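Reader: I am new to this structure. Please show me how to read it, one feature at a time.

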Amino acid sequence: MRITQGAFSFLPDLTDAQIAAQIEYCLRNDWAVAIEFTDDPHPRNTYWSMWGHPMFDLADAAGAMQALRECREARPGHYIRINAFDPSAGWESVRLSFIVGRPAVEPGFRLVRREGPGRTLHYTLESYAVGRQPEGERYAT
Amino acid sequence: MTQPLAAPTDTIDLAAEYREAGVADVLDRLDAELVGLAPVKRRVREIAALLLVDRVRERLGLASTPPSLHMCFTGNPGTGKTTLALRMAEILQRLGYVRKGHVVAVTRDDLVGQFIGHTAPKTKDVLKRAMGGVLFIDEAYYLFRPENEKDYGQEAIEILLQVMENQRDDLVVILAGYADRMDRFFESNPGMKSRIAHHVEFPDYNNAELAQIAERMLADWNYRFDAAGRAAFDDYLHHRRAKPHFANARSVRNALDRMRLRQALRLFDGATPVAADDLQILTAADVRASRHFHPTPPTLVGQAPPDAEIDAYDPDRIPERSDY
């Protein structure tokens, strides 16, 4: 099941040139670009691991693309996303976030039903990949 | 083998290309704003011409390898290396060889870390910032310390070399430093030498050029010499050049700063009201108060020279500051 989080996630995966163009757009708006990765892509898991520091004084997308290449190499089989943080007064928050790398196989999520008092049902999601393997090996091919 | 796109008889108006790229504008400004430096300007013109021709050739489908643009500026302190790096970035950007044309100026401290594992992230961070522009490494020879084999500078050099080779489209590296020390640096780092295509040497300024530079600086700050002050400044340059740690235009700027201090004090201490003109004019007295007109008797090392109060702002007093 293809995970759709952040911008562009219903589109086919962005090519490197397209990613660079998006980063270029972020830099043009003076947003700081950061790279994050995880192998626990639960929709409520907002805290992914940071790959290096957010790149605050970047002038060109090439720098971020190089960091992205390094991240992909060091963390194969992980979800990687790019966050663009707008530091200007009044915003001070992430303006754009999109996935730029995903594992080759995405087993998806199971719907877990838990019965509560009075036959009420509680629903939650559980990732097949996360339940199967410990961290770091979940999407290893 | 690529097929030429245009018939070989097609002609291309190089002059039009030159105008279109807007390089003429930068080169003209370079000529007008920088005093002297004739050989440097000629080299810059050569490099700009080569890049322009290369660009035209590429459009005609004439195979040529992408030019290596890394440069090395050698010369004594204060000869305009940093200024030229800024102009070079502009030229490269107009010709489309770097995308953004910003300059990131760094020294050893910005590249080399203080403990194991600190250097690589530091160097990479600087490289990331410089991508799309020019990385200007001042006093690059400090990166390599042959006397200490555990020095982390070597690691920074290796990362630098890798990026210089593999990401030529993204980054132009300019190394700068004294000629003799750069030569020794290149001897011990042949990899670095072979990756640098353009070596530009900066000659020292002569006194007339320095005086011209001084007048331009003063004009920028809305100051000027009176006639006697100007003559005194010529004298000053003559004396200053003979002293150690002479740093060309930088010495001139420091000297002018000190003369402004003296002028301010003179006006402040004078009882008469000052006119706008007085605020702008540096007189001979402001110039001649300099330490360099008063030869100091030899003093013991570590002992303050007896006339230290004459020019207390003069950084030349501090012998270990080699950049002055």
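Author: Begin where the chains meet. This is a predicted model. Here 9 residues of chain B are in contact with 9 residues of chain A.

Reader: What classes of residue does chain B bring to the side that touches chain A?

Author: That side has 5 charged, 3 polar and 1 nonpolar residues.

Reader: Now a helix. How many residues does α2 of chain A have, and how far does it reach?

Author: Compare the span with the expected one. Helix α2 of chain A covers residues 61–74, which is 14 residues. From first C-alpha to last it reaches 20 Å, close to the 20 Å expected at 1.5 Å a residue.

Reader: Which residues of α2(A) are buried?

Author: Look for crowded positions. They are A:A61, A:A62, A:G63, A:A64, A:M65, A:A67, A:L68 and A:C71.

Reader: What do the buried residues of α2(A) pack against?

Author: In chain A, they pack against α1 (16–28), β1 (32–38), β2 (49–55), β3 (79–86) and β4 (93–101). From chain B, α6 (119–130) joins that list.

Reader: What is the strand order of the sheet in chain B?

Author: Read across the strands. The order is β2-β3-β4-β1-β5, an open sheet of 5 strands with parallel pairing. At the edges are β2 (103–106) and β5 (198–202) of chain B, each pairing on one side only. The twist from one strand to the next averages 20°.

Reader: How many bridges join β1 to β5 in chain B?

Author: Strand β1(B), residues 71–75, runs parallel to β5(B), and 5 bridges join them. B:T74 stands opposite B:E201 of β5(B).

Reader: Which strands does helix α4 of chain B lie across?

Author: Helix α4(B), residues 81–94, lies across β1, β2, β3 (133–138), β4 (171–177) and β5 of chain B. Its direction is at about 165° to β3(B).

Notes: Residues numbered from 1 in each chain as written. Chains lettered and ligands numbered in written order. Predicted model: local features only at pLDDT ≥ 70, side-chain atom pairs only at ≥ 80, totals over all residues. Helix = DSSP H or I, 4+ residues; strand = E, 2+ residues; numbered from the N terminus. Expected span 1.5 Å × (residues − 1). Buried ≥ 20, exposed ≤ 12 C-beta atoms within 10 Å, placed from the backbone. Contact = placed C-beta atoms within 7 Å. Nonpolar A, V, L, I, M, F, W, Y, C, P; charged D, E, K, R; others polar. Pairing = 2+ DSSP bridges. Axes fitted to C-alpha atoms, helices over the stretch in contact; angles between N-to-C directions.
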